[in-house]
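Below are some notes on the fold, the strand pairing and one acidic residue. Please read them alongside the model.

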Amino acid sequence: MAITLSETALNRVRTFLKNRGSGIGLRLGVKTSGCSGLAYVLEFVDKLSDDDQVFEQDDIKIIVDKKSLVYLDGTQLDFVKEGLNEGFKFTNPNIKDQCGCGESFSV
């Protein structure tokens, strides 16, 4: 499978990378956190690591380390606006449970 971005997310990442002035792509990962166990991590990447898996969609590289890929395989990243709030939304087919606030999940 793979990690994919919606058209809205692709455009947002392009804008962020352009404004940043550098970077080869966006890292998607997980860390231990919250009441359900795992939380998403997003950061820009300037240099690849040996254990990175790279997914390319249009002109954007999505980089995932091998440990995180187990939890994220098949995930789609979207960028949504809800009222005054906006941010990335994860549609992850691996989630078995999620905390009430949506900050963490378990697989």
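1. Helices here are DSSP runs of H or I with at least four residues, strands are runs of E with at least two, and both are numbered from the N terminus. On that basis the chain has two helices and nine strands. The model is a predicted one, and the points below should be read as such.

2. Order of elements. Starting at the N terminus, the sequence of elements is β-α-β-β-β-β-α-β-β-β-β.

3. Chain totals. The chain has 107 residues, of which 34% count as buried. Among contacts with a separation of 6 or more, 52% are between residues 24 or more positions apart. The exposed area of the chain is about 6500 Å², and 47% of it comes from carbon and sulfur atoms.

4. Strands 4 and 5. Strand 4 covers residues 52-57 and strand 5 covers residues 60-65; they are paired antiparallel through six bridges. Within this pair, Phe-55 faces Ile-62 of strand 5. The two strands make a hairpin with two residues between them, and Asp-58 in the turn has a positive phi of about 55°.

5. Strands 6 and 7. Strand 7 (residues 85-91) runs antiparallel to strand 6, with seven bridges between them. Val-80 is placed opposite Gly-87 in strand 7. This pair is also a hairpin with two residues between the strands; the turn contains Gly-83, whose phi is positive at about 65°.

6. Strands 1 and 6. Strand 1 (residues 4-5) runs parallel to strand 6 (residues 76-82), and two bridges connect them. Thr-4 is found opposite Gln-76 of strand 6. Strand 6 thus has a parallel partner in strand 1 and an antiparallel partner in strand 7.

7. Asp-52. Is this residue of strand 4 buried or exposed? Asp-52 counts as buried because its relative accessibility is 13%, and the cut-off for buried is under 20%.

8. Polar contacts of Asp-52. The side chain of Asp-52 makes a polar contact of 2.8 Å with the side chain of Arg-27. The Asp-52 side chain also reaches a backbone atom, the nitrogen of Ser-49, at 2.7 Å.

9. Surroundings of Asp-52. Leaving aside residues up to four places away in sequence, Asp-52 touches Arg-27, Ile-63, Val-64 and Asp-65. Of these, Arg-27 is the residue whose side chain is joined to that of Asp-52 by the polar contact. Ile-63, Val-64 and Asp-65 fall within residues 60-65 of strand 5, the antiparallel partner of strand 4.

Definitions and conventions. Residues are numbered from 1 along each chain as its sequence is written. This is a predicted model: local features need pLDDT of at least 70, side-chain atom pairs count only at pLDDT 80 or more; totals for chains, interfaces and linings use all residues. Side-chain values use heavy atoms; hydrogens and water are left out. Two strands pair if DSSP finds at least two bridges between them. Buried means under 20% relative accessible area, exposed over 50%, partly exposed in between (1.4 Å probe, protein chains only). Contact means heavy atoms within 4.5 Å. Accessible areas come from the Shrake-Rupley method with a 1.4 Å probe; for residues, only the protein chains shown count as cover. A polar contact is a pair of N or O atoms within 3.5 Å; within protein, one must be able to donate a hydrogen and the other to accept it, and residues adjacent in sequence count only if both atoms are side-chain atoms.
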